[in-house]
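Subject: Structure for you to look at

Hi,

Here is the structure I promised to pass on. Have it open while you read, and my notes below should be easy to follow.

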Amino acid sequence: MYDKTLIIDILDQIIDAIETVQERCAFAKCEDDFSHTKEGQEKLDSICMKLIAVGESLKNIDHITDKTLLSNYPQVEWKKIKGIRDFISHHYFDLDAEVIFSICQEHIEDLLVTLKIMKTDLQ
């Protein structure tokens with residue numbers, strides 16, 4: 001069995017990072033808002049750092065729980081989330097702002113909801 005308190009702490013960090021991503025992405029009405037201004041590029045960079053942290057933390061949860069926790073929540077594509085972490089980390093200059101905009105607009109809220117459910121389930 002794994003340390004639930006540790007997992008809850010990690011989930012809290014991930015939830016905080018995702019809420020920060022949402023705040024930083026709120027200004028963008030389209031992907032061009034990230035690339036046409038210095039401020040937009042800075043927001044994109046900071047969002048990417050948070051997404052890297054989220055992916056890495058999820059990998060950590062998988063390791064600690066011997067891959068038993070995340071699989072209980074199949075509504076989230078965990079592999080893709082961890083994969084975006086790898087892509088941002090290793091292919092940053094190939095990154096398309098459209099991908100990050102899409103993540104922020106279409107996926108991040110559902111992830112946040114699931115993470116909060118996970119945290120509640122562990123308490």
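What follows is a run through the helices, the core, the cysteines and one loop.

Before anything else, please keep in mind that this is a predicted model.

**Helix α5**

I'd start with α5, which covers residues 97-122. With 26 residues at 1.5 Å each, α5 should span 38 Å, and its end C-alpha atoms sit 35 Å apart, so the two values agree. There is a bend to look at, though: α5 has a kink of about 55 degrees, centred on His107. At the start of the helix, a side-chain oxygen of Asp96 comes to within 3.0 Å of the backbone nitrogen of Glu98.

What do the buried residues of α5 pack against? They meet α1 (4-25), α2 (32-35), α3 (38-64) and α4 (78-90). Among those buried residues are Ile100, Phe101, Ile103, Leu111, Leu115 and Met118. Ser102, also in α5, is partly exposed because its relative accessibility is 21%, and the cut-off for buried is under 20%. The C-alpha of Ser102 is 8.1 Å from that of Glu31, although 71 residues separate the two along the chain.

**The core**

In soluble globular proteins, nonpolar side chains tend to be buried together. Here, the largest nonpolar core has 41 residues, and Leu58, Ile61, Trp78, Ile100 and Leu115 touch the most other members. Each of α1, α3, α4 and α5 supplies at least two residues of this core, with the largest share, 11 residues, coming from α5. Trp78 is a good one to click on: leaving aside neighbours within four places in sequence, its contacts are Leu58, Leu70, Tyr73, Leu111, Thr114, Leu115 and Met118.

**A buried lysine**

Lys82 belongs to α4, and at 15% relative accessibility it counts as buried. What does the side chain of Lys82 make a polar contact with? The partner is the side chain of Asp62, at 2.5 Å. Not counting residues up to four places away in sequence, Lys82 touches Gly55, Leu58, Lys59, Asp62 and Leu70.

**Cysteines**

How many disulfides does a search of the whole structure find? Zero. The pair you may want to check is Cys104 and Cys25: the closest cysteine sulfur to that of Cys104 is in Cys25, 3.1 Å away, which is too far for a bond because a disulfide needs the sulfur atoms within 2.5 Å. Cys104 is buried, at 11% relative accessibility. For Cys30, the closest cysteine sulfur is again in Cys25, but at 11 Å, also too far for a bond. Cys30 counts as partly exposed, with a relative accessibility of 28%.

**α3 and the loop after it**

α3 has 27 residues and reaches 39 Å from first C-alpha to last, close to the 39 Å expected at 1.5 Å a residue. Just after α3 comes Asp66, with a positive phi of about 55 degrees although it is not a glycine. Asp66 lies in the loop between α3 and α4 and is exposed, at 64% relative accessibility. Lys67 is found in the loop between α3 and α4 too. Phi of Lys67 is near 60 degrees, a positive value in a residue other than glycine, and Lys67 is exposed, with a relative accessible area of 61%.

Cheers

Terms used
Residues are numbered from 1 along each chain as its sequence is written. This is a predicted model: local features need pLDDT of at least 70, side-chain atom pairs count only at pLDDT 80 or more; totals for chains, interfaces and linings use all residues. Side-chain values use heavy atoms; hydrogens and water are left out. Helices (H or I, at least four residues) and strands (E, at least two) are DSSP runs, numbered from the N terminus. The expected span of a helix is 1.5 Å times one less than its number of residues. The bend at a residue is the angle between axes fitted to the seven residues ending there and the seven starting there. Buried means under 20% relative accessible area, exposed over 50%, partly exposed in between (1.4 Å probe, protein chains only). Contact means heavy atoms within 4.5 Å. A polar contact is a pair of N or O atoms within 3.5 Å; within protein, one must be able to donate a hydrogen and the other to accept it, and residues adjacent in sequence count only if both atoms are side-chain atoms. A nonpolar core is a set of buried Ala, Val, Leu, Ile, Met, Phe, Trp, Tyr and Cys residues joined through side-chain atoms within 4.5 Å.
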